[in-house]
Amino acid sequence: MNPFEKMINFITAKRRAAQHHAEFIRVIRQAAALLSAGRALSQLWPELAQAHKSCARKPAPEDADPGCCVHHVLNRQHAASLLNQPYFGQITGPGQARDWQQLAATLTLARHTGMSLSQVLYRLADALEAGEDAQQARDAASAGPKSTANLLAWLPVAGLGLAHMLGASLSQLLTSGTGWVLVLSGAALAVLGRIWTRRMMSTAEEP
């Protein structure tokens with residue numbers, strides 16, 4: 001796979017993840033709205049499932065984790081609730097598994113504490129949207145430093161090319177002991193600088 005295809009696949013995967021996350025938040029808000037309108041929790045999951053398009057896959061009834069689409073996941077949760085099983089116990093998708101785990105924890109907390117489930121779901125949706133906005137802000141803020149780091153990483157190569165254009169002999173540089181010391185020292189410093197920059201960027205991007 002060439003670099004262009006890798007970039008396209010990365011962008012596509014990132015866009016798909018964003019779509020799954022947005023749909024997950026929409027499910028939470030729909031559930032909160034239905035509960036506020038007086039729907040019973042036992043009627044909630046099949047009604048929500050009908051609001052989302054089913055994929056072509058037909059998971060088996062015993063499949064604990066369809067993972068294919070929201071429609072089938074919600075139908076699976078309805079079947080699990082009839083058997084008094086944990087909320088979204090083994091669901092890992094679509095989207096991120098931690099999203100479904102957060103929803104399961106929220107439902108369990110509301111059930112054991114007697115809190116208003118609709119209000120708790122509204123707050124969960126608000127928190128997820130706030131986290132998404134914060135992530136987008138971090139990505140935007142780190143775009144400039146990333147570009148600068150990539151540019152600086154190519155400066156040594158550009159410097160060698162410019163020196164060659166100005167008449168410097170690269171062959172003499174690479175055949176002398178001093179030249180090799182300079183080249184190896186420069187390469188080591190460039191690698192260390194790259195590692196240091198990546199570590200700082202990853203630290204800054206952590207929520």
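Here are some questions and answers about this predicted model.

Q: How many helices and how many strands make up the secondary structure of the protein?
A: Reading along the sequence gives the pattern α-α-α-α-α-α-α. Counting up the elements, the protein has zero strands, and its helices number seven.

Q: What percentage of the residues of the protein count as buried?
A: A residue is buried when its relative accessible area is under 20%. The protein has 207 residues, and the share that counts as buried is 23%.

Q: Which atoms supply 62% of the area the protein exposes?
A: The protein exposes about 13,600 Å². Of this area, 62% comes from two elements, carbon and sulfur.

Q: Why is Cys68 not bonded to Cys55?
A: A disulfide needs two cysteine sulfur atoms within 2.5 Å. For Cys68, the closest cysteine sulfur is that of Cys55, and it is too far for a bond because the distance is 3.6 Å.

Q: Is Cys69 buried or exposed?
A: A search of the whole structure finds zero disulfides. Cys69 is in none, with the nearest cysteine sulfur, that of Cys55, 3.5 Å away. As for its surroundings, the relative accessible area of Cys69 is 8%, so this residue is buried.

Q: Which residue forms a salt bridge with Arg29, with the closest N and O atoms 2.4 Å apart?
A: Side chains of opposite charge can pair when their charged atoms come close. Here Arg29 lies in helix H1 (residues 3–36), and its partner sits 97 residues away in helix H5 (residues 117–165). With the closest N and O atoms 2.4 Å apart, that partner is Asp126.

Q: How many residues apart are Arg29 and Glu129?
A: The side chains of Arg29 and Glu129 meet in a salt bridge, at 3.0 Å from N to O. This pair links distant parts of the chain, helix H1 and helix H5, and the two residues are apart by 100.

Q: Which residues are linked in a network of salt bridges?
A: Arg29 pairs with Asp126, and Arg29 also pairs with Glu129. Arg29 is partly exposed at 26% relative accessibility, as is Asp126 at 40% and Glu129 at 31%. The network is made up of Arg29, Asp126 and Glu129.

Q: Which residue meets Glu47 in a salt bridge?
A: The structure holds three salt bridges. Glu47 takes part in one with an N to O distance of 2.9 Å. Glu47 is partly exposed, with a relative accessible area of 30%, and its partner is partly exposed at 32%. That partner is Arg39.

Methods. Residues numbered from 1 in each chain as written. Predicted model: local features only at pLDDT ≥ 70, side-chain atom pairs only at ≥ 80, totals over all residues. Heavy atoms only, no water. Helix = DSSP H or I, 4+ residues; strand = E, 2+ residues; numbered from the N terminus. Buried < 20%, exposed > 50% of the residue type's maximum accessible area, 1.4 Å probe, protein only. Areas by Shrake-Rupley, 256 points an atom, 1.4 Å probe, with all protein chains shown as cover. Salt bridge = Lys/Arg side-chain N within 4 Å of Asp/Glu carboxyl O.
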